[in-house]
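This briefing introduces selected local features of one protein structure. Please keep the sequence and the model in view while reading the points that follow.

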Amino acid sequence: MSQDSGTRDAAWAVARLLAGAQAADIEAGTLAEPWAGLTEAIAQASGGDRLAVFEEFLSKLPDDQSAQIRSQVGKAGRAILQGRADSTPTSLPEMTGPVIPDLPQAALLAPELEARMVDAGQWLDAYVSFACDVSPLTPPELHQSAGLWLGSVAIARRVRLRLRHDDLFPNLLVLWICDTTIYAKTTGLNIAKRFARSVFPHLLAVSEFSPEALLDDFAGRQPLGLQDLPEEDRSLWAERRNFAAQRGIVLDEAASLFSSFKRDYNAGLPYYLLRLSDCDPEVEKLTRGAGKVVAHNTYLSFLGSTTAAALMRTDLDFLWGSGLWPRFALLTPSELPPWRSPKPGHCDPPQALTRTLRRLAEEKLPKPVYPAAPQTCDVQLADGVHAAWRAYARAMIRDILTSPEAPDKRLWGVYGRLPSQAFKVAVILATLDWAESSSVPVPVVSLAHWARGQTIAESWRASAHRLLDSLSNRRVVEEHNKEDRILQMILAARTGGITARSIYRTLGLRRAEFDLAVAGLVRDGLIREVEIKPARGPSACGYVSTENLSRQTTGLTG
């Protein structure tokens, strides 16, 4: 066996273990060091501890060697996640990027304006620096969007930009779509979540809800059982009620939300999410049992993460065509960040970062008292900003979409929203800068703020193209088909469940492939792992669908 072939085999073995393969399926004795020791250490660890063991092992190797191993394992891991069944690939596939139309000359930023961007949004730069230090494997562009989301939540509809056609409020909907583990998306998401819970927990909404419960919550209706909760929880609810309809949601494994749109009990959820994200002055419902419920002065910000394979289980045509996804910043990393070993010890957020957010949320902007509406502060535009926005809007909505290089029509809604996204980012940056100063009475969007907003919006445009390309990729489609076949077998087994061995043997899957697929189904809440006790012999690991369990609980059949 050649050295290159041995290295590929070793990287593949480690990637399979990190993906959840059984230790018995891996032959570590045939590998050379340090691969043999690394594989054995991971195999001996429990599933939840394997990544930590992997990182600890690499921390003891020379930096160049650990970086090389990480890169090789990362390539093998991406191949597994993309659905390759080969146990020893001869080469890893090279992905060709999508074609992204160039920005017309009239909308390009002048070089001197690009140079001035460093003066805009210094709080955001400090947040990204801190977040990259805590979670170095999370791409900086994801940390950047999380920082902007924090700013949008802190504003809570109390800042607006008055345009001729409408008022623009700087709420953001952000969705990260990237492979599991490799990009540490959950770790990055948790940094923003900890910031929000530490600084303004009253501005967060629950992450699991039905359409009716969501609107009730945003209308400030008292939930059942509130009087039975501890005093701390009742006080937090009362504070949240002051911002009943102006809050943020953070949700890991967000594909479960989008896939729930296909279920009858969640049929109205996309409509409410659209209205709330558009900051509608009134969102109402009328039912026979609850009467009329109205959420006033709405403002929803959303931060979530998922994988491309998980999104394949959703109704993609509906998401692209309904107008919901064009309102999102759909972020897919352009490349792996360079390997950096996490630093030891706990790290609290710098006081300067939390102080600015807290000052913005609690001091600079007036706090409403329910049921009064939030008072709004109107931002001002510096000279030249509106003209720059008009040039970018024409480029996105007219010049590119009517050109021979026009993008796929599924992206047209994204293009139509990008000018507003750029303005929202610019307003958030200007408001964060204003929170750190006392020299001006209201936020002022400068050309530097606009330039940075347009630059970030352009990165989001490229990311939307990458996402569409990824969702059309044959390997992602094959992975979805594999998961769908597994799910159909589990559904057919009804409430009795079916053993893992029966599934992967019937479908002709390797155990590592099967483990990866069911892990995604479990994360998305579609199946549960159970212990199956046969009439004879030992118990075995098996799975049952949550849909069948729900039918059993409610007494429904068929």
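Aspartate 408 and arginine 410 are joined by a salt bridge, in which the closest N and O atoms are 2.8 Å apart. The model is a predicted one, and it holds 17 salt bridges. The points below treat these pairs, then helix 9, and then some backbone features.

**Salt bridges**

- In the pair just named, aspartate 408 is partly exposed because its relative accessibility of 35% falls between the limits of 20% and 50%. Arginine 410 is likewise partly exposed, with a relative accessible area of 34%.
- Salt bridges with shared partners connect Arg160, Arg162, Asp167 and Asp378 into one network.
- Within this group, arginine 162 pairs with aspartate 167, and their closest N and O atoms lie 2.9 Å apart. Aspartate 167 counts as partly exposed, at 24% relative accessibility.
- Another salt bridge brings together the side chains of arginine 247 and aspartate 217, at 3.0 Å from N to O. This pair links distant parts of the chain, 30 residues apart: arginine 247 belongs to strand 4 (residues 246–251), and aspartate 217 to helix 9 (residues 211–218).
- Are the two partners of this bridge buried or partly exposed? Arginine 247 counts as buried, since its relative accessibility is 4%, whereas aspartate 217 is partly exposed at 21%.

**Helix 9**

- The helix that carries aspartate 217 has four buried residues listed by name: Pro211, Leu214, Leu215 and Phe218.
- Why do these residues lie on the same side of helix 9? They cover an arc of only 90° around the axis, and therefore they share one side of the helix.
- Several elements cover the buried residues of helix 9, among them strand 4, helix 12 and strand 5. Strand 6 (291–296) and strand 7 (299–306) are also included in this cover.
- Strand 4 thus appears in two roles, because it holds arginine 247, the salt-bridge partner of aspartate 217, and it belongs to the cover of the buried residues of helix 9.
- After helix 9 comes glycine 220, which has a positive phi near 80°.

**Positive phi outside glycine**

- Most residues other than glycine have a negative phi. Two residues that are not glycine nevertheless have a positive value: alanine 184, at about 50°, and cysteine 279, at about 60°.
- Alanine 184 is found in the loop between strand 3 (173–177) and helix 8 (185–199). With a relative accessibility of 14%, alanine 184 counts as buried, because the limit for that class is under 20%.
- Cysteine 279 occupies the loop between helix 12 (269–277) and strand 5 (282–287). Cysteine 279 is buried as well, with a relative accessible area of 7%.
- Helix 12 and strand 5, which flank the loop of cysteine 279, are also among the elements that cover the buried residues of helix 9.

**Cis peptide bonds**

- Most peptide bonds are trans. Which residues does a cis peptide bond join, with omega about 5°? They are glutamate 33 and proline 34.
- Proline 34 sits in the loop between helix 1 (3–18) and helix 2 (35–44).
- A cis bond also runs from tyrosine 370 to proline 371, with omega near 10°.
- Proline 371 is placed in the loop between helix 15 (351–364) and strand 9 (377–378).

Notes
Residues are numbered from 1 along each chain as its sequence is written. This is a predicted model: local features need pLDDT of at least 70, side-chain atom pairs count only at pLDDT 80 or more; totals for chains, interfaces and linings use all residues. Side-chain values use heavy atoms; hydrogens and water are left out. Buried means under 20% relative accessible area, exposed over 50%, partly exposed in between (1.4 Å probe, protein chains only). A salt bridge is a side-chain nitrogen of Lys or Arg within 4 Å of a carboxyl oxygen of Asp or Glu. The arc is that of the directions from the helix axis to the C-beta atoms. Contact means heavy atoms within 4.5 Å.
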